[in-house]
Structures are given as structure tokens and as C-alpha cells.
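The points below are offered as a colleague's note, to be read with the sequence and the coordinates at hand. They take up helix packing, the sheet and a long-range contact in turn.

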Amino acid sequence: MDEKQINHMAEENELDGYVKIDRYNPAKIESIASHYSQILSDLGEDPSREGLLKTPERVAKALQYLTHGYDLKPHEILRSAMFKEEYSQMVVVKDIEVYSMCEHHMLPFLGKAHVAYIPNGHIVGLSKIPRVVEAYSRRLQVQERLTNEIRDCIQETLNPLGVAVVIECRHLCMSMRGIQKQNSVTTTSAFTGAFEIEKTRAEFLRLITARLD
């Protein structure tokens, strides 16, 4: 979005009594919103009633935010903070919050990701691991593919001695509809290199279940 579009959206928000700059693509918002007006009608609602007047636009903005991972480049995120370092022990970043959308029903699934790698001459800034998780999760996804994509991105970019990824999520497509099982949790895992050795993998699993308190 260029500066003129941002200023225009800011001016519109000032009319509502506050200043808020939403960095969205106006053309995409308009296109998506137009479809949701029809969807509301098909559901038996009146899109012209007060409570729904801005709903199509709000949904369009929400969807654009929830899928903004398509605009991110996970490999470049890692490359932006790679450092030479002779450290060859396990690096674990656990309890990374995951918010994603199931591509089959476009309903959320959410939970935590635990990621580890063993450096092979390079380390990466710790915040970049959660950013990679965010980049892939903010797309229409299945948990299995999300797990593999995170693993492969780290392996291909850092070329470490091994990568481990475990994701635990609750899927609203299972709890709100269909089988309606409220407490089920789906766990997926993916490993490369040293983590395919049982002893190393066991250490990783022990670390992600350990608590500091």
C-alpha cells in the first residue's frame, strides 16, 4: 500500500473519532467484502441492517490479516539474522503460539509449536524461529504440512546438523462442527539429521516438556 492510500484510510478512521491506520490492500478488501455481502444474504441475513453494515469489510480485513503469511518469505527471515558461531549443542524454542486456518473448512486451529536445531557453524536470532512459525501458520493450512514446512525452511536455510518440530493444536473444525470433540489435541512431528537418532530425539522431547518453575 502506498502513502496516499494509508493517509486516505487514516482520514476515514478520524471521522469515527480516533486515528487508526490499517495497512490492508484496499482492492482486495473491496473484492472479498462484496462476496461476503452475498454470503450473508444466502445465510438468511439482511446485510443492510445496522449490525451487519460493515461486517463484510471487517471479515475481509480479518481474512487478509489471518492469511498475511503469503506475503512473508520465511527463508529470508532466517537469512536476515544468521551469525557464524561455533556452538554445536541443541537450541530449543518451545511454546511458540500457533494461530492458523484449516484449509478444508476455513476454521481456526490453534496451539503451540516446539522447534529445535543443532547448529553447524551458524546460529540464528532467536526471534526468527517464531517468525518462521508465524509466516507459515498465517496461511490456509493443514497441521501436517505446516510442521514439515517449518522443518524444511530451517534445514534448507541454516544447514544444521538436525531440526526437530513438534506442533500441538486444537482444531475448531473438530470441536465446533462434525465430530464435536471439545478436548481432542492433534500432535504432529517432523525431524531431520541428528534428531532421527532416538537419544537426541528423546532429549528434545524431555526439554519441551520440562518446566522452569
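1. In this predicted model, helices α2 and α3 are oblique to each other, since they pack at an angle of about 125 degrees, a value that lies outside the 65 to 115 range counted as roughly perpendicular and is not over 145. Helix α2 spans residues 26–42 and helix α3 residues 55–66, with their axes 8 Å apart, and the crossing they make is right-handed.

2. The contact of these two helices can be followed residue by residue: from α2 come Lys28, Ile29, Ile32, Ala33, Tyr36, Ser37 and Leu40, while α3 contributes Thr55, Pro56, Glu57, Val59, Ala60, Lys61, Leu63 and Gln64. Divided by class, the residues of this contact are nine nonpolar, three polar and three charged.

3. A second helix pair, α5 (residues 128–137) and α6 (residues 143–158), has axes that come within 10 Å and cross at roughly 135 degrees, and α5 and α6 are therefore oblique to each other. Here too the handedness is defined, α5 passing α6 in a right-handed crossing.

4. On the α5 side of that contact are Ile129, Val132, Val133, Tyr136 and Ser137, which meet Leu146, Glu149, Ile150, Cys153 and Ile154 of α6. Eight of the residues in the contact of α5 with α6 are nonpolar, with one polar and one charged residue beside them.

5. The sheet deserves a point of its own: five strands form an open sheet in the order β5-β2-β3-β6-β7, and the pairing is mixed. Strands β5 (140–141) and β7 (186–191) stand at the edges with a single partner strand each, so one side of each is left without a neighbour in the sheet.

6. Within the sheet, β2 and β3 run antiparallel and are joined by nine bridges, with Val91 standing opposite Tyr117 in β3. These two strands form a hairpin with five residues between them, and in the turn Met106 has a positive phi of about 55 degrees, a backbone value that a reader may wish to look at in the model.

7. On its other pairing, strand β3 (residues 108–118) is matched with strand β6 (residues 162–171) in the antiparallel sense over 10 bridges. Two positions help to fix the register: the bridge partner of Leu110 in β6 is Arg170, and Gly111 stands opposite Cys169 in β6.

8. Which strands do the helices of point 3 lie across? Helix α5 lies across β2 (91–102), β3 and β5, and runs at about 15 degrees to β2, whereas helix α6 lies across β2, β3, β5, β6 and β7, running at about 155 degrees to β6.

9. The count of salt bridges comes to eight, and one of the pairs is formed by Arg211 with Asp95, whose closest N and O atoms are 3.2 Å apart. This pair links distant parts of the chain, for Arg211 belongs to the segment after α8 (198–209) and Asp95 to strand β2, the two being 116 residues apart.

Definitions and conventions: Residues numbered from 1 in each chain as written. Predicted model: local features only at pLDDT ≥ 70, side-chain atom pairs only at ≥ 80, totals over all residues. Heavy atoms only, no water. Axes fitted to C-alpha atoms, helices over the stretch in contact; angles between N-to-C directions. Helix = DSSP H or I, 4+ residues; strand = E, 2+ residues; numbered from the N terminus. Parallel < 35°, antiparallel > 145°, perpendicular 65-115°, else oblique. Left-handed = near helix turned anticlockwise from the far one by under 90°. Contact = heavy atoms within 4.5 Å. Nonpolar A, V, L, I, M, F, W, Y, C, P; charged D, E, K, R; others polar. Pairing = 2+ DSSP bridges. Salt bridge = Lys/Arg side-chain N within 4 Å of Asp/Glu carboxyl O.
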